[in-house]
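Work through the exercises below with the sequence and the model open. Try each task before reading its solution.

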Amino acid sequence: MIIGTVNADREPVIRIRVRDINGQEHEREAVLDTGFTGWLTLPPDFITALGLPWKELGTAILADGSQIFFDVYDAAVVWDGMAIAISVDESDSEPLVGMGLMYGYRILIEDVDGGLVQLEQM
């Protein structure tokens, strides 16, 4: 089970652990984004600090219909106590956890300041 909280901006947030190139874990706060179908986004400075290997150039269509291009990296994260290999999309924003990572989980969000965020494997 993964536990987080609703922050003052009314965003459901959890702590995510990403492994650097040497296998050492680094923790960051990340927002759950049910509108994002990918796995995880991270800012470029954090990706550089982790030394993640570049994988490919990705594309996405935004809600306004515009197309963007971004770098995609290979990463290992600790998710619900298990290390898994995922793709990380580079984004100049706060880290986002997408539906790819949350797939197979029941999500509970108590939408009040400091409310409980809970992800439970189904």
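**Exercise 1. Place Ala 60 and describe its surroundings.**

Solution. Start with the element. Ala 60 sits in strand 5. Strands here are DSSP runs of E with at least two residues, numbered from the N terminus. The model is predicted, so local features need pLDDT of at least 70 and side-chain atom pairs count only at pLDDT 80 or more, while totals for chains, interfaces and linings use all residues. Residues are numbered from 1 along each chain as its sequence is written, and side-chain values use heavy atoms, with hydrogens and water left out.

Next, accessibility. Ala 60 has a relative accessible area of 26%, so it is partly exposed. The classes use a 1.4 Å probe on protein chains only: buried is under 20%, exposed is over 50%, and partly exposed is in between.

Then the contacts, meaning heavy atoms within 4.5 Å. Neighbours within four places in sequence are set aside; Ala 60 then touches Ser 66, Gln 67, Ile 68 and Phe 70.

Last, a distance. Ala 60 and Gly 35 are 25 residues apart along the chain, and their C-alpha atoms are separated by 12 Å.

**Exercise 2. Describe the largest pocket: its volume, its lining and the strands that supply it.**

Solution. Begin with the method. Rolling a probe the size of a water molecule over the atoms shows where empty space is left. A 1 Å grid is laid over the protein atoms alone; a pocket is an open set of points where a 1.4 Å probe fits, with protein on both sides within 12 Å along at least five of seven lines, and lining residues have an atom within 4 Å of a point. Grid points are joined across faces, edges and corners, and the volume is the space filled by probe spheres set on the points.

Now the values. The largest pocket holds about 390 Å³ of space. Its lining has 17 residues, and those closest to the centre are Phe 36, Ala 60, Leu 62, Ile 68 and Asp 89.

Sort the lining by class. It has 9 nonpolar, 5 polar and 3 charged residues. Ala, Val, Leu, Ile, Met, Phe, Trp, Tyr, Cys and Pro count as nonpolar; Asp, Glu, Lys and Arg count as charged; the others, Gly among them, count as polar.

Finish with the strands. Strand 5 (54-61), strand 6 (67-79) and strand 7 (82-90) each supply at least two lining residues. Strand 6 gives the most, with 3 residues.

**Exercise 3. Is Ser 87 buried or exposed, and what does its side chain contact?**

Solution. Locate it first: Ser 87 is in strand 7. Its relative accessibility is 17%, so Ser 87 counts as buried.

Its side chain makes a polar contact with the side chain of Lys 55, at 2.8 Å. A polar contact is a pair of N or O atoms within 3.5 Å; within protein, one must be able to donate a hydrogen and the other to accept it, and residues adjacent in sequence count only if both atoms are side-chain atoms.

Beyond its neighbours within four places in sequence, Ser 87 is in contact with Trp 39, Leu 40, Lys 55, Val 72 and Tyr 73.

**Exercise 4. Trace the pairing of strand 1 and strand 10, then examine the hairpins.**

Solution. Two strands pair if DSSP finds at least two bridges between them. Strand 1 runs antiparallel to strand 10 (residues 116-121), joined by 4 bridges. Within this pairing, Gly 4 faces Val 117 and Thr 5 faces Leu 116.

Strand 1 also pairs with strand 2, antiparallel, over 2 bridges. There Thr 5 stands opposite Val 13. This hairpin has 5 residues between the strands, and Arg 10 takes a positive phi near 65°. Arg 10 has 66% relative accessibility, so it counts as exposed.

Strand 9 (residues 105-109) joins strand 10 through 5 bridges, again antiparallel. Tyr 105 stands opposite Gln 121. Their hairpin has 6 residues between the strands, with Gly 114 in the turn at a positive phi of about 75°.

**Exercise 5. Which phi value does Asp 80 have, and where is Asp 80 found?**

Solution. Asp 80 is not a glycine, yet its phi is positive, about 55°. Asp 80 lies in the loop between strand 6 and strand 7. Its relative accessible area is 25%, so Asp 80 is partly exposed.
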